[in-house]
Amino acid sequence: MNINWYPGHMTKAKRMMNENLKLVDIVIELLDARIPKSSSNPDFQSMFQNKIRVAVLNKSDYADDEKTKLWVNYHINQSITAAAINSLNKKDIQQLKKTLFAIADEKQKEIKQRKGINKTIRAMVAGIPNVGKSTLINAISGSAKAKTGDRPGITKAKQWVKINPYFELLDTPGLLWPKLNDEKTGLHLAYTGSIREEIMDMAEIAVRFLEEMTELYPQLLKSRYRLENLDKKAYDLLADIALNRGWLQTGGIPDISRAARQVLDEYRSGAIGRTTLELPGKK
């Protein structure tokens, strides 16, 4: 599958992020709990190696609970603080704030001992496009201070958000990486809306999604789309979905484009059910 992967503005975004890393003490990497591996930019490993790191698995209410626990433990075993949240859930946000404030307090005490100053601790919120960075910052701050949008890459400029007198967050543009070596990674990002749709064949993306879901979560597909038999080609399943929903073109032909759009929209909104497409340590 040919995906035009790396928009030109992301070179500038990466340069800006590297410059801003000098100003921060903590990096919060926001991941999609449904695709924790694919939603982690591999460049971040080297970029953030000298920073305190926190992995936040967002949209955990859309993800498979048992697999999410495995991913949280995976990050903890890498000496990275990890939390699974729904950024729209106040309880989750309060717990995350406690975790972040505790880390900030420790860092502040360490700097006080070394330099004798009370330093404001700054944390960068980083991640790929459309993973919910601005929404998370607004939830933590309790107000709409960071700009949000439903299109990948809407955050363009640096935004500092003061959370309390000694803790600030920096919102950053969503950042992909220059070379995509794994097709499945690209597909997973396409399913969740982290790649611009204008450059993709939505029907093909939906077909590949149905193939994967048939293997991992067949009962969810059967229940959501009233499919009795999954033992057929995924394109035919897409046609069945269009027929079951009454989406027909002139002459009674199944409206494949509408079915593809609807299937992907329903996956992104969590309507299909709780799924996690990746496991730690597996390709």
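This passage describes helix packing, nonpolar cores and selected residues in a predicted model.

The structure is a predicted model, in which local features need pLDDT of at least 70 and side-chain atom pairs count only at pLDDT 80 or more, while totals for chains, interfaces and linings use all residues. Residues are numbered from 1 along each chain as its sequence is written, and side-chain values use heavy atoms, with hydrogens and water left out. The average pLDDT (the predictor's confidence in each residue, from 0 to 100) is 90 for the chain, and 91% of the residues score at least 70. Over residues 149–155 the pLDDT falls below 50; this stretch nevertheless has 17 contacts in the model beyond near neighbours in sequence, where contact means heavy atoms within 4.5 Å.

Two packed helices are described by the angle between their axes and the distance between the axes. Helices are DSSP runs of H or I with at least four residues, strands are runs of E with at least two, and both are numbered from the N terminus. Axes are lines fitted to C-alpha atoms, for helices over the stretch in contact, and angles run from 0 to 180 degrees between N-to-C directions. Helix α4 (residues 90–115) packs against helix α5 (residues 133–141) at an angle of about 85°, and their axes are 10 Å apart. The two helices are therefore roughly perpendicular (angles under 35 degrees count as roughly parallel, over 145 as roughly antiparallel, 65 to 115 as roughly perpendicular and the rest as oblique). From α4, the residues I93, L96, K97 and L100 take part in the contact, and from α5, L136, A139 and I140. By class, six of these residues are nonpolar, none is polar and one is charged (Ala, Val, Leu, Ile, Met, Phe, Trp, Tyr, Cys and Pro count as nonpolar, Asp, Glu, Lys and Arg as charged, and the others, Gly among them, as polar).

Seven of the nine residues of α5 are buried, so this helix is largely enclosed by the rest of the structure; buried means under 20% relative accessible area, exposed over 50%, and partly exposed in between (1.4 Å probe, protein chains only). Among the buried residues of α5 are K133, L136, N138 and I140. Their cover includes β1 (26–32), α4, β4, β5 (159–164) and β6 (167–171). After α5 comes G142, with a positive phi near 80°.

Helix α9 (residues 234–245) and helix α10 (residues 256–268) cross at roughly 90°, with axes that come within 9 Å. This makes α9 roughly perpendicular to α10. The contact of α9 with α10 comprises nine nonpolar, one polar and two charged residues. Residue E266 of α10 is buried, at a relative accessible area of 5%. Leaving aside residues up to four places away in sequence, E266 touches R224, Y225, R245, A271 and I272.

The largest nonpolar core (a set of buried Ala, Val, Leu, Ile, Met, Phe, Trp, Tyr and Cys residues joined through side-chain atoms within 4.5 Å) contains 75 residues, of which I28, F48, F167, L169, F209, L210 and L238 touch the most other members. Another core, of nine residues, lies apart from it and includes A33, A55, V72 and I80.

Two loop residues have a positive phi although neither is a glycine: N130, at about 70°, and R226, at about 55°. N130 lies between β4 (121–126) and α5 and is partly exposed, at 23%. R226 lies between α8 (218–225) and α9 and is exposed, at 54%.
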